[in-house]
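Me: Please give a close account of the site around the bound ligand in this model, and continue from there into the element that contributes to it. A connected description would be preferred to a list.

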Amino acid sequence: MPIAKVEPLLTTRRVSGPFDYRVPEGMSNIEVGSVLVVPFGRRRVVGVVVGVADRSDLPESRLAEPLEALEAGVPAELVELGGWVGEEYCSTPARGLGLVLPPGVGTGAEARRVKPLAELEVEATPKGREAISGGERLGLRQRAVLRALASGPKRARQLAATAGSDRATLRRLEGRGLITTREVERRRRHHSTGVGAVRDGVELTDDQRVALEAVTGALPGVDERSAPRSFLLHGVTGSGKTEIYLEAARAALDRRRGAIVLVPEIALTPQTMDRFRRRFGDSVALLHSRIPAGARYDEWRRLRSGEARICVGPRSAAFAPIADPGLIVIDEEHDSSYKQESDPRYDAREVARRRAADTGAVLLCGTATPRPESWYELEHLELPSRVDGRALPPVEIVDMRGGLPGPLHPRTREAFLRVGQEGGKAILLINRRGWSTHLTCRSCGHAWECPHCDVSLVLHRDEVLRCHHCGHAEPRPDACPECSSVTIARVGSGTQRVEAELGEMLAPLEVFRLDSDTAARRDHGELLQRFEAADSGVLVGTQMVAKGHDFPDVTLSVVVDADGALRLPDFRSEERTFALITQLAGRSGRGQAGGRVLVQALATGAPSIRHAARHDSAGFLAEELERRRVLRYPPFSHLIEIALGGSDEARVEGAAETVRELVADRLSGDDELLGPAPLFRLRGKHRRRLLIKSGRRQEAVAAVRDAVATAVRDRALRELSISVDVDPQ
Ligand code: ADP
Ligand code: ZN
Ligand code: ZN
């Protein structure tokens, strides 16, 4: 009796399979990757087959049978990849497998599932074809149907539209043996499919050709398993990286392999998707959350069946069901959206790397601002100049020390006024939303903080104080609750205040604001398009404005408080600051008018700011890598963060100590274990953090996994939350 080993998709950490089920006669096509509904205790749950066997260790009489097999199965390669993610990121097998399921499966057995859409295809029989000319008696509609079918089979839907037929007409024709009908699958499509024209590529520049040849030279043929190769394609925006992705994907198809192209947030990168569609037509499938469930399910099935061989999408597309990928591209590889910030906290870049290694695919990471890890580990391919030959705009550092009244330096104001007079376009980036960053009482120094989180409340333009972490809101106070003073100072500026100030200063020039407050109300892709289409205007926003879009006609780019991130205790702040300034500079000032970039900062000598002002990536990365080597940060170690939270501070503290001991017992001599350190209180939860720095990733991950499992088993974490983050961002 065949046995299916099934991992039930439960969310709890306390149950982990696989469990054996008896495969009944009628389900003989069950294999690794089949998705089943199985009885589990008294429930029905969805599970994935992770193995098949001839016999079980349990007596047959104790084994249950699956209740149902779902339509779409997962490739065996992805079952393994999902299991790996569950382990590698200290999650559970079930949560790892949840990532590789077809869209719309839903893990509850009673969840409403997306199913393939069926429709009727109609074909005339030989008798039916004769009937039109011959003496058969035909109704008006019947005749119209047979005429329409003279040129070949048609879908019932088409016949309804062109010949006015309904089900009854078709049934009658079928009854007389004049037509045959059969059920076929109808693919739901999100985009129009009128893009079939496959356009040829452009003539590559010499730099592009050298880079492309390195990539295609490393591409494996069908069934070939050469040593995996990984490249870092380093080039500014407009240097022709996407053109290389396109040509490399074509080369992969020529070798009968597939390609995966990962892009950051989809809302900001529609152009990349469009370019792939235009060049490859229906061979491209798009997988992202903005596509309606039915269409997404069908795109998944097109990839699964091999109808589509290229998949473009955000981080989840690392799990696209492509057989035999030959190429995996990660566009804008520095982008933090590749890291999932909920369990399983996987990094799509690591998943891609793992998948490439397993399948023999080439990994191609492109960016203008490489991560130090990639710069250190991958083979470099350089595109040193823009395709249009234009130079990068000069970057000026504006020293903000000495206390200025508003958010803008006089030199910055002057530059904006010039844009206003000449009617050009400008971008201003400020990494804080709202009006004032916080309020303080001038008499006693009282600060307004969130009652649930240990952070300042931010004043918004609508006179409401808001917590940017939990959403708590309260009206702006008239007096201090401590000393009753009515002199309350508004400190710091956010996007709203800058928007208002620029609006007043530059009227009637239009000011566009883009931050997560506006994005919640509107599609931010649409706002960026309106700014792009306008003849003049200023775009004010958070870091979203530096991502994805290029604005060739922008003549002034300004970063306010460029070193704000450097004041946070985060080893990636230098890297982030460098990327932010460089990305903004690289996306503007490309047109005839040239451009100017102003960077306002207090710490004007910070390495990230100095190097960004000179467009010197190599210099920055060399210095940053040296710093990380000394401090033993990635790529010179692997980090694992364990966070505990709960409403009772003493219990959180106690559990953190317990977990610390459990981890310490399992680490080896070279590993560092830091903490427990307090994290700020969030949504009423007290939090503690442990950090592990290790040179041996596998062993450290295994140690943490085991320590957490032990703590869960010993009930040391009751009523507390615990999360493990491998490679925290
Ligand atoms: P990146 O991805 O680095 O931003 P793109 O590949 O998008 O660069 O190229 C920027 C622009 O230059 C695009 O409009 C692209 O069509 C065009 N382009 C790229 N390579 C060439 C080339 N060899 N000749 C002419 N135009 C090119
Ligand atoms: Zn006061
Ligand atoms: Zn809060």
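Reply: In this predicted model, a polar backbone atom of Ser239 lies 3.3 Å from an oxygen atom of ligand 1. Lys241 also offers a polar backbone atom, here at 2.9 Å from an oxygen atom of the ligand. A side chain takes part as well: an N or O atom of Arg275 is 2.6 Å from an oxygen atom of ligand 1. On its own, ligand 1 has 560 Å² of accessible area, and the protein covers 69% of that area.

The shell around ligand 1 holds 15 residues, of which Glu203, Gln208, Gly238, Thr242 and Arg275 come nearest. Arg275 is thus both one of these nearest residues and the residue whose side chain supplies the 2.6 Å pair. By character, the shell consists of seven polar, four charged and four nonpolar residues.

Helix α8, residues 241-254, gives the largest share of this shell, with three residues. The helix has 14 residues, and the distance from its first C-alpha to its last is 20 Å, close to the 20 Å expected at 1.5 Å a residue.

How much of α8 is buried? With a cut-off of under 20% relative accessible area for a buried residue, 11 of the 14 residues of α8 qualify, so the helix is largely enclosed by the rest of the structure. The buried set includes Lys241 and Thr242, and both have already appeared at the ligand: Lys241 through its polar backbone atom, Thr242 as one of the nearest residues. Glu243, Ile244, Tyr245, Leu246, Glu247, Ala248 and Ala249 are buried too, as are Ala251 and Ala252. Charged residues therefore occur among the buried positions of the helix, including Glu243 and Glu247. After α8 comes Arg256, which has a positive phi, near 55 degrees.

A buried charged residue is also found elsewhere in the model, in strand β29, which spans residues 685-694 and contains Arg688. Is Arg688 buried or exposed? Its relative accessibility is 8%, and because buried means under 20%, Arg688 counts as buried. The side chain of Arg688 has a partner, making a polar contact of 2.9 Å with the side chain of Glu649.

To return to the site itself, ligand 1 has oxygen atoms paired with the backbone of Ser239 and of Lys241, and with the side chain of Arg275, while helix α8 provides the largest share of the surrounding shell.

Conventions:
Residues are numbered from 1 along each chain as its sequence is written. Chains are lettered from A and ligands numbered from 1 in the order in which they are written. This is a predicted model: local features need pLDDT of at least 70, side-chain atom pairs count only at pLDDT 80 or more; totals for chains, interfaces and linings use all residues. Side-chain values use heavy atoms; hydrogens and water are left out. A residue is near a molecule or strand if one of its heavy atoms lies within 4 Å of it. A polar contact is a pair of N or O atoms within 3.5 Å; within protein, one must be able to donate a hydrogen and the other to accept it, and residues adjacent in sequence count only if both atoms are side-chain atoms. Accessible areas come from the Shrake-Rupley method with a 1.4 Å probe; for residues, only the protein chains shown count as cover. Helices (H or I, at least four residues) and strands (E, at least two) are DSSP runs, numbered from the N terminus. The expected span of a helix is 1.5 Å times one less than its number of residues. Buried means under 20% relative accessible area, exposed over 50%, partly exposed in between (1.4 Å probe, protein chains only).
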